[in-house]
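Open the model in your viewer and keep the selection tool handy. We will go from strand to strand and stop at a few side chains on the way.

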Amino acid sequence: MRPLTARGCDADAPVRPRGLGSGRTIHLLAVTLLAAVAGCSRHPSKVSGAVTLDGKPLPAGVIMLTPARSGPSAYGAIAADGSYQLQTGAAKGLEPGEYIVTVAANEQPAAGNADAAGRAEEAVRPLMTPPQYADVSTSPLRITVKPGSQKVDLDLNSKAAAPVPAAAE
């Protein structure tokens, strides 16, 4: 009979590390974790389009889609030509579902209204879009986002009580 040692009953047996098991198990765990993290940064829906005010491209501003139920909001900057592309956090796209749309754009500073360094006046400028569009509780804009790519053009009306969203393609 062999003496009992610190390594167990059989001093000649190979020592196997304790814990997660073999290197293969650790590799599979790492691959699964990476796939899960990568999956979190992708969204199955891509939404882009253009925003107009009284038929003219909105030259600046922000469009935001807030889920009607729960989940992260998507947002996008409105470019000088009125176009936008939505993203959620740092990732492009968003989850499918029902959304309330808000749009806000402030009046642009006058071209000659800059200081000696060329910076535009930093006072808060009034909204150029009707206030109802800027508030999630009053915006009448609603869209249903489906999986895949969608183009959603929005035509805001400065005089109408309710805007008319253009048809989604």
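Two strands are said to pair here if DSSP finds at least two bridges between them. This is a predicted model, so please read each stop as part of a prediction.

**First stop: strands S3 and S8.** Select residues 62-67, which form strand S3, and then residues 97-104, which form strand S8. S3 and S8 run antiparallel to each other and are joined over six bridges. To see one facing pair, show Thr66 and look across to S8, where Ile100 stands opposite.

**Second stop: from S8 to S9.** Keep S8 on screen and add residues 142-145, strand S9. The pairing of S8 with S9 is antiparallel too, this time with four bridges. Here, show Tyr99 and find its opposite number in S9, Ile143.

**Third stop: Ser139.** Now select Ser139, in the loop that connects S8 and S9. Is Ser139 buried or exposed? Ser139 is buried, because its relative accessible area is 2%, and the cut-off for buried is under 20%. Turn on distances next: the side chain of Ser139 reaches the backbone oxygen of Val101 at 2.5 Å. A polar atom of that same side chain is also 3.3 Å from the backbone nitrogen of Leu141. Beyond its neighbours within four places in sequence, Ser139 touches Ile100, Val101, Thr102, Gln132 and Tyr133. You will recognise Ile100 as the residue opposite Thr66.

**Fourth stop: Ser45.** Go to strand S1, residues 45-53, and pick Ser45. Ser45 counts as buried, because its relative accessibility is 0%. Which backbone oxygen does the side chain of Ser45 reach? It is that of Lys146, at 2.8 Å. Show the surroundings as well: leaving out neighbours within four places in sequence, the contacts of Ser45 include Gly93, Leu94, Glu95 and Pro96. Val145, Lys146, Pro147 and Gly148 are also among them.

**Last stop: a patch on the surface.** Switch to a surface view and colour Val62, Met64 and Tyr75, which make a nonpolar patch of about 240 Å². Tyr75 belongs to strand S4, residues 74-77. With a relative accessible area of 32%, Tyr75 is partly exposed, whereas Ser45 and Ser139 are buried.

Methods: Residues numbered from 1 in each chain as written. Predicted model: local features only at pLDDT ≥ 70, side-chain atom pairs only at ≥ 80, totals over all residues. Heavy atoms only, no water. Patch = residues over 30% accessible without salt bridge, like charges linked within 9 Å, V, L, I, M, F, W, Y side chains within 5 Å. Areas by Shrake-Rupley, 256 points an atom, 1.4 Å probe, with all protein chains shown as cover. Salt bridge = Lys/Arg side-chain N within 4 Å of Asp/Glu carboxyl O. Helix = DSSP H or I, 4+ residues; strand = E, 2+ residues; numbered from the N terminus. Buried < 20%, exposed > 50% of the residue type's maximum accessible area, 1.4 Å probe, protein only. Polar contact = N/O pair within 3.5 Å; in protein donor to acceptor, adjacent residues only side chain to side chain. Contact = heavy atoms within 4.5 Å.
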